[in-house]
Every structure is written in C-alpha cells, then in structure tokens.
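The following exercises ask the reader to work through a protein chain step by step. Each task is followed by a worked solution.

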Amino acid sequence: ASRVSSYVHAPFANPRARSCWLSCAFQVLWHSRAWHTCFEAALDAKLFDEGDWRLDAPGAPKIAALVATWREYRESLAT
C-alpha cells in the first residue's frame, strides 16, 4: 500500500449535530491506516463484544458508541 492510499469513504450524516467535530474525528480514525488496521483486528478478535470489561472501564459508553458507529459505517460500505 502506498502512502497516499486510504480506505473507502462512505456517506456519513450526523443530522443532530451542531458541529461536525465528531464526524471529523471519526473520519480521521477511519482513514488512519495504523488505527484502522489495529481497530479492525481488535473487532475481529471480539475484544469489544459484550463483556465485563465495559462495566468498569472509564469512557465505556464512548468506546461502545465508537464500536457501534464503526460497525455501522463498515456495513454501509459492504452493501
């Protein structure tokens, strides 16, 4: 892979947002080759599936939201 290649981009809407900072942050993570590769590996290894880790983890709702959004975004590209 060359330095200029990236991951496929899908339409992304955040209609309830007052600003686009969250969408921009997600896009930065999605297009980061290092983050994308590692996050996909963690998803494939089921590290973010339901489990006790989330109950006490700081920021657990934010992590769960990122995982859900990531999966939804990924699924939108598969269709």
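## Exercise 1: The surroundings of helix 1

The cover over the buried residues of helix 1 includes helix 2 and helix 4. The model examined here is a predicted one.

Task: Determine which residues of helix 1 are buried, and state how they are arranged around the axis.

Solution.

Step 1. The buried residues of helix 1 are Ser23, Phe26, Gln27 and Trp30.

Step 2. These residues span an arc of only 100° around the axis, which places them on the same side of helix 1.

Step 3. On the face turned away from the buried side, helix 1 carries the exposed residues Trp21 and Val28.

## Exercise 2: The overall layout

Task: State how many helices and strands the chain has, and what share of its residues is buried.

Solution.

Step 1. The chain has 4 helices and 0 strands. Read from the N terminus, the order of elements is α-α-α-α.

Step 2. Of the 79 residues in the chain, 19% are buried.

Step 3. Consider contacts between residues at least 6 apart in sequence: 66% of them join residues at least 24 apart.

## Exercise 3: The nonpolar core

Task: Identify the residues of the largest nonpolar core and the elements that give two or more residues to this core.

Solution.

Step 1. The largest nonpolar core consists of 9 residues, namely Phe26, Trp30, Phe39, Ala42, Leu43, Phe48, Val67, Trp70 and Tyr73.

Step 2. Two or more residues of this core come from each of helix 1 (21-31), helix 2 (33-44) and helix 4 (60-78).

Step 3. A general tendency may be recalled here: in soluble globular proteins, nonpolar side chains tend to be buried together.

Step 4. Phe39 serves as an example of a core residue. Apart from its neighbours within four places in sequence, Phe39 is in contact with Phe48, Leu66, Val67 and Trp70.

## Exercise 4: The two faces of helix 4

Task: Compare the span of helix 4 with the expected value, then find which residues lie on its buried side and which on the face turned away.

Solution.

Step 1. Helix 4 contains 19 residues, and from its first C-alpha to its last it reaches 27 Å, close to the 27 Å expected at 1.5 Å a residue.

Step 2. Its buried residues are Ala60, Val67, Trp70 and Tyr73. Viewed down the axis of helix 4, they fall within an arc of 160°, so they line one face of the helix.

Step 3. The face turned away from the buried side of helix 4 bears Pro61, Lys62, Glu72 and Glu75, which are exposed.

## Exercise 5: Aromatic pairs around Phe26

Task: Classify the pair of Phe26 and Trp70, and then the pair of Phe26 and Tyr73.

Solution.

Step 1. The structure holds 8 aromatic pairs. In one of these, the ring centres of Phe26 and Trp70 are 5.7 Å apart and the planes stand at 65°; planes over 60 degrees apart count as edge-to-face, so this pair is edge-to-face.

Step 2. Phe26 belongs to helix 1 and Trp70 to helix 4, so the pair ties together parts that are 44 residues apart in sequence. Both Phe26 and Trp70 are buried.

Step 3. Phe26 also forms an edge-to-face pair with Tyr73, at 5.1 Å centre to centre and 70° between the planes. This pair links distant parts of the chain, with Phe26 in helix 1 and Tyr73 in helix 4, 47 residues apart.

Step 4. The relative accessibility of Phe26 is 5%, and that of Tyr73 is 3%. The cut-off for buried is under 20%, so Phe26 counts as buried and Tyr73 is likewise buried.

Step 5. One aromatic cluster is formed by Phe26, Trp30, Trp35, Phe39, Phe48, Trp70 and Tyr73.

## Exercise 6: Polar contacts of buried residues

Task: Find what the side chains of Gln27 and His36 lie against.

Solution.

Step 1. Gln27 lies in helix 1 and counts as buried at 15% relative accessibility. Its side chain makes a polar contact of 3.1 Å with the side chain of Tyr73.

Step 2. His36 lies in helix 2 and counts as buried at 6% relative accessibility. A polar atom of the His36 side chain is 2.7 Å from the backbone oxygen of Trp30.

## Exercise 7: A loop residue

Task: Describe the location, exposure and phi of Lys46.

Solution.

Step 1. Lys46 is located in the loop between helix 2 and helix 3 (53-56).

Step 2. With a relative accessible area of 58%, Lys46 is exposed.

Step 3. Its phi is near 60°, a positive value in a residue other than glycine.

Conventions
Residues are numbered from 1 along each chain as its sequence is written. This is a predicted model: local features need pLDDT of at least 70, side-chain atom pairs count only at pLDDT 80 or more; totals for chains, interfaces and linings use all residues. Side-chain values use heavy atoms; hydrogens and water are left out. A nonpolar core is a set of buried Ala, Val, Leu, Ile, Met, Phe, Trp, Tyr and Cys residues joined through side-chain atoms within 4.5 Å. Buried means under 20% relative accessible area, exposed over 50%, partly exposed in between (1.4 Å probe, protein chains only). Contact means heavy atoms within 4.5 Å. The expected span of a helix is 1.5 Å times one less than its number of residues. The arc is that of the directions from the helix axis to the C-beta atoms. Rings of Phe, Tyr and Trp (its six-membered ring) pair if their centres lie within 6.5 Å; planes under 30 degrees apart count as stacked, over 60 as edge-to-face and the rest as tilted. A polar contact is a pair of N or O atoms within 3.5 Å; within protein, one must be able to donate a hydrogen and the other to accept it, and residues adjacent in sequence count only if both atoms are side-chain atoms.
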